[in-house]
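Here are a few exercises to help you find your way around a structure you haven't met before. Try each task yourself, then read on through the worked solution.

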Amino acid sequence: MTTTNADPARPTTIVGQPRGLVTLAGIGLWERFSFYGMQVVLLYYLFFPVSEGGLGLSKAEATSVIGAYGGLVYLCTVIGGWVADRLLGSERTLFCSVTLIMLGHVALAIVPGFAGVWIGLALLVVGSGGQIGNLTSSLGHLYGEGDRRRDNGFLLFYMGLNIGALAGPLLTGLARTRLGFHYGFGIAAIGMAIGLVLLYGGRRHLAPRGRTVPDQLPRSAMVKAAAAAAGVLLLVPAAAVGALSIRHLATAITVVVVAVIVGYFTTMLRSAKVSAAERRRVYGLIPMFLINCVFWALYQQQFTVVQVYAATRLDLHVLGFAMPPEFFSSAVPFFVILLIPILVSLWARAGSHEPSTPTKFLVGVVLIGLSFLLFLPMAGNDGAVNPPLALAGILLVFTLAELFVSPVQLALSTQLAPKAFQTQTVALLFLSTAAGSAASGTLAGFYSPAREGAYFSVLGLASLGAAALFAMTIPWIKTMLNGSR
């Protein structure tokens, strides 16, 4: 069988994909199991009253912490990408990162109160930041230039992520309701430990390219780099000791992310290591990057506003069973698993008529805007009276929007990366998620049942307006990408 693998001698799986895909998808599955399983339990742990085992923060403070956490995770993909490209290589960075994630979940499980929250989140921010970009980059290394299996490989990988994301909230939600918050965190830790074992056993199937350091950093620059990374990470302990208001933590992260984005694009565009053709592609990425920020600012509210909505605005008693609100975190992954095979088949049938990447981004932003408008018929009702099926339907539209953006973003970042900024370009694309995640925490502070009609209508219409502006730039983007889809 002829392949166009980066390493043709390496055997392929039964579906014609590199064997390393199985290892990386397995790691991603357990990381998403722990990430999704922990995140919503943590939100409820923060704002549930002390009498119910929570920490008693206000909803605005709790959503700010969750938004800031998401923003910091994706911001630290830049640090993780930089460490891989300049210090350790993507494979060793990935191994260290997965270890830190496991330790973060352990801290949440065994250390009580706010001390456990801050220690756990600090470890999770660094570990997840290193894991996300390097896992994606390691997957990209499995495919050679022009390998047409790349997009489907990323979709299969994405399905693995969503199997983990589906299972995580179901198990941690049940553990939280039956046994308590810390048992939910403990299940997330067990899931990540399984991921670490998979990585250790499957490293031989990864591409050799991940063991090299593309642009080794001179020793003289290491101290300055460490100081810069520490400055970003100090935001978490600053909140812990009260130097930074918890309610404004997400806003502070948003400002930092925007500054890093501007600095990173400037560095790449001015670097002598970036060729003229690569520079044109980077310019073409900018409008897609901006519309991606809009998309994630709405989409990431599935972890903030949507989860508050599930806990406070839905009648969760179904057939005599009190449904844990965490179950709604599994809705999007469930729909992804159902829809990905249909999407893979659809794109395969379309062939050369498959929509371009900018067009897919446009459709995703339109859909996420419409999903917010779908909340409006239920606005104005008092109390926990709305049907769970209605929220499930809205989350189906969330899923359709995600499938037009997220898998494409992963493939795009590995395809258009300048050679000197391989893993860092993956991390740069994740900065749009960082900005959106942090902004989702800030925006969630304006949500309340009393004004939810205005909240959902303003955000939904603003998203549609941004989509209209982006549509005008698509012909220029295609020119700058010079034939790349």
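Let's start with the chain as a whole: of the contacts between residues at least 6 apart in sequence, 83% join residues at least 24 apart. Keep in mind that this is a predicted model.

**Exercise 1. Find out how many helices and strands the chain has, and what share of its residues count as buried.**

Solution. Step one is to go through the secondary structure, which gives 17 helices and 2 strands. Step two is to look at accessibility: 59% of the 485 residues count as buried.

**Exercise 2. Work out how helix 1 and helix 2 are oriented and which residues meet between them.**

Solution. Begin by locating the pair: helix 1 covers residues 20-47 and helix 2 covers residues 59-88. Their axes lie 8 Å apart, and the packing angle is about 155 degrees. Angles over 145 degrees count as roughly antiparallel, so that is the label for helix 1 against helix 2. As for handedness, these two helices make a right-handed crossing.

Next, list who touches whom. Helix 1 brings Arg32, Phe35, Met38, Gln39, Leu42, Leu43, Leu46 and Phe47 to the contact. On the other side, helix 2 offers Lys59, Ala62, Thr63, Val65, Ile66, Tyr69 and Tyr74. Sort these residues by type and you get 11 nonpolar, 2 polar and 2 charged.

**Exercise 3. Say how many salt bridges a search of the whole structure finds, then describe each one.**

Solution. The search turns up 3 salt bridges. The idea behind them is simple: side chains of opposite charge can pair when their charged atoms come close. Take the pairs one by one.

- Arg32 and Glu31: their side chains form a salt bridge with an N to O distance of 2.7 Å. Arg32 has a relative accessible area of 11% and Glu31 has 3%. The cut-off for buried is under 20%, so Arg32 is buried, and so is Glu31.
- Arg176 and Glu326: here the closest N and O atoms are 2.7 Å apart. This pair ties together distant parts of the chain, 150 residues apart. Arg176 sits in helix 5 (residues 150-178), while Glu326 is in the loop between strand 2 (321-322) and helix 12 (331-350). Arg176 counts as buried because its relative accessibility is 12%, and Glu326 counts as buried because its value is 1%.
- Glu452 and Arg313: these side chains meet at 2.6 Å, N to O. They also link distant parts of the chain, with their positions 139 residues apart. You'll find Glu452 in helix 17 (residues 452-481) and Arg313 in the loop between helix 11 (305-312) and strand 1 (317-318). Glu452 is buried at 1% relative accessible area, and Arg313 is buried at 1% too.

**Exercise 4. Place Val83 in the structure: which element holds it, is it buried or exposed, and which residues is it in contact with?**

Solution. First, the element: Val83 belongs to helix 2. Second, accessibility: Val83 counts as buried because its relative accessibility is 18%, and the limit is under 20%. Third, the contacts: skip the neighbours within four places in sequence, and Val83 touches Leu88, Gly89 and Thr93. Last, compare sequence with space: Val83 and Asn134 are 51 residues apart along the chain, with their C-alpha atoms 9.8 Å apart.

Terms used. Residues are numbered from 1 along each chain as its sequence is written. This is a predicted model: local features need pLDDT of at least 70, side-chain atom pairs count only at pLDDT 80 or more; totals for chains, interfaces and linings use all residues. Side-chain values use heavy atoms; hydrogens and water are left out. Axes are lines fitted to C-alpha atoms, for helices over the stretch in contact, and angles run from 0 to 180 degrees between N-to-C directions. Helices (H or I, at least four residues) and strands (E, at least two) are DSSP runs, numbered from the N terminus. Angles under 35 degrees count as roughly parallel, over 145 as roughly antiparallel, 65 to 115 as roughly perpendicular and the rest as oblique. A crossing is left-handed if the near helix is turned anticlockwise from the far one by less than a right angle, and right-handed if clockwise. Contact means heavy atoms within 4.5 Å. Ala, Val, Leu, Ile, Met, Phe, Trp, Tyr, Cys and Pro count as nonpolar, Asp, Glu, Lys and Arg as charged, and the others, Gly among them, as polar. A salt bridge is a side-chain nitrogen of Lys or Arg within 4 Å of a carboxyl oxygen of Asp or Glu. Buried means under 20% relative accessible area, exposed over 50%, partly exposed in between (1.4 Å probe, protein chains only).
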